[in-house]
Amino acid sequence: LYLGRVDRNKGCHTLLEYFQDYAAANDAPMLVLAGPAKLQVPAHPRIRALGYVSDEVRSALLTHARALVVPSRYESLSIVLLEAWNHAVPGLVNAHCRVLAGQVTRANGGLYYRSSAEFAEALSYLLTHDDERQTLGRQGLAYVEREYRWPTVLERVEGLLAATKAIRDS
């Protein structure tokens, strides 16, 4: 599953290339793209571009996805990756984006790739190792629970504000 704007700037051209390479050599799953397309999506029997989807459809897609692919090189924080982890879905992310690779590593919630060959290996692993894939997804969910729930975020913000006030008052 890919969620978001289907755009060259999001790495989708590379995702589509890598996936087609994978599908030519393997029994590929369906790649579902959910989001407005800003580039031409190739006509391929294993690629479905849904365009914009409702929140209900988005949730259903995440519930049934085996992995979320985040091919962007330019992310500061991937909200869609956090959404996937909320559904215990592992991520498959572009390692050229240090932020994404770092998120996946800290959470132990997925895999990352640097090339078409690594994409194929990682995707094959996720598709053929159900227990490990589910464990990665659960670890991603545990990471979101630990790092991104409101009590944790509010405590950090309040601590930052208190430190800023202390500096200002000194």
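User: Which residue in S5 is the bridge partner of Val69?

Analyst: Happy to start there. This is a predicted model, and in it Val69 has Leu92 as its bridge partner in S5. One step back along the ladder, Leu68 is matched with Gly91, again in S5. These matches belong to the pairing of strand S4 (residues 68-70) with strand S5 (residues 91-94), which is parallel and has three bridges.

User: Which residue in S6 is the bridge partner of Leu92?

Analyst: That would be Leu111. S5 and strand S6 (residues 110-113) run parallel, and four bridges join them. As for the connection, the chain leaves S5, passes through helix H4 (residues 98-107) and arrives at S6 in a right-handed β-α-β crossover. A right-handed β-α-β unit is also made by S4, helix H3 (residues 79-86) and S5.

User: What is the strand order of the open sheet that holds S4, S5 and S6?

Analyst: Read across, the order is S4-S5-S6, and the pairing is parallel. S4 and S6 each have a single partner strand and stand at the edges, so each has one side without a neighbour in the sheet. On average, and ignoring direction, neighbouring strands here are turned by 20° against each other.

User: Which strands form the open sheet that includes S1?

Analyst: That sheet has three strands in the order S1-S2-S3, with parallel pairing. Its edges are strand S1 (2-3) and strand S3 (47-51); each has a single partner strand, so one side of each lacks a neighbour in the sheet. Two bridges hold S1 and S2 in their parallel pairing, and Leu3 stands opposite Ala34 in S2. Helix H1 packs on this sheet and touches S1, S2 and S3, its direction making about 165° with that of S2.

User: Now the interior. Which residues of the largest nonpolar core touch the most other members?

Analyst: In looking at a core, it helps to start from the members with many contacts. This one has 26 residues, and Phe19, Leu33, Leu92 and Phe119 touch the most other members. Helix H1 (12-25), strand S2 (31-34) and helix H5 (116-128) each supply at least two of the core residues. H1 gives the largest share, seven residues.

User: What is Leu33 in contact with, leaving aside its neighbours within four places in sequence?

Analyst: Its partners include Tyr2, Val6, Leu15 and Leu16. Val41, Ile47, Arg48, Ala49, Leu50 and Gly51 are also in contact with Leu33.

User: How many residues does the other core have?

Analyst: That core has 23 residues and lies apart from the largest one; Leu62, Val80, Val93 and Cys97 are among its members.

User: Let's turn to rings. How many aromatic pairs are there?

Analyst: The count is five. To read a ring pair, take the distance between centres and then the angle between planes, where over 60 degrees counts as edge-to-face. For Tyr18 and Tyr113 the centres are 6.0 Å apart and the planes lie at 75°, so this pair is edge-to-face. Tyr18 sits in helix H1 and Tyr113 in strand S6, so the pair ties together parts 95 residues apart in sequence. Both Tyr18 and Tyr113 are buried. Ring pairs also bring Phe119 into a cluster with Tyr18 and Tyr113.

User: What kind of pair do the rings of Tyr143 and Tyr148 make?

Analyst: An edge-to-face one: their centres are 5.9 Å apart and their planes stand at 65°.

User: Are Tyr143 and Tyr148 buried, partly exposed or exposed?

Analyst: The cut-off to keep in mind is that buried means under 20% relative accessible area. Tyr143 has 6% relative accessibility, so Tyr143 counts as buried. Tyr148 has a relative accessible area of 30%, so Tyr148 is partly exposed.

User: One polar residue to finish. Is Gln103 buried or exposed?

Analyst: Gln103 lies in helix H4, and its relative accessibility is 1%, so Gln103 counts as buried.

User: Which residues does Gln103 touch, not counting those up to four places away in sequence?

Analyst: Gln103 touches Leu77, Ser78, Leu81, Leu82 and Trp85. It is worth displaying Gln103 together with H4, the helix in which Gln103 lies.

Note on methods. Residues numbered from 1 in each chain as written. Predicted model: local features only at pLDDT ≥ 70, side-chain atom pairs only at ≥ 80, totals over all residues. Heavy atoms only, no water. Pairing = 2+ DSSP bridges. Right-handed = clockwise from strand over helix to strand, strands pointing away. Axes fitted to C-alpha atoms, helices over the stretch in contact; angles between N-to-C directions. Core = buried A, V, L, I, M, F, W, Y, C linked by side-chain atoms within 4.5 Å. Buried < 20%, exposed > 50% of the residue type's maximum accessible area, 1.4 Å probe, protein only. Contact = heavy atoms within 4.5 Å. Phe/Tyr/Trp six-rings, centres within 6.5 Å; stacked < 30°, edge-to-face > 60°.
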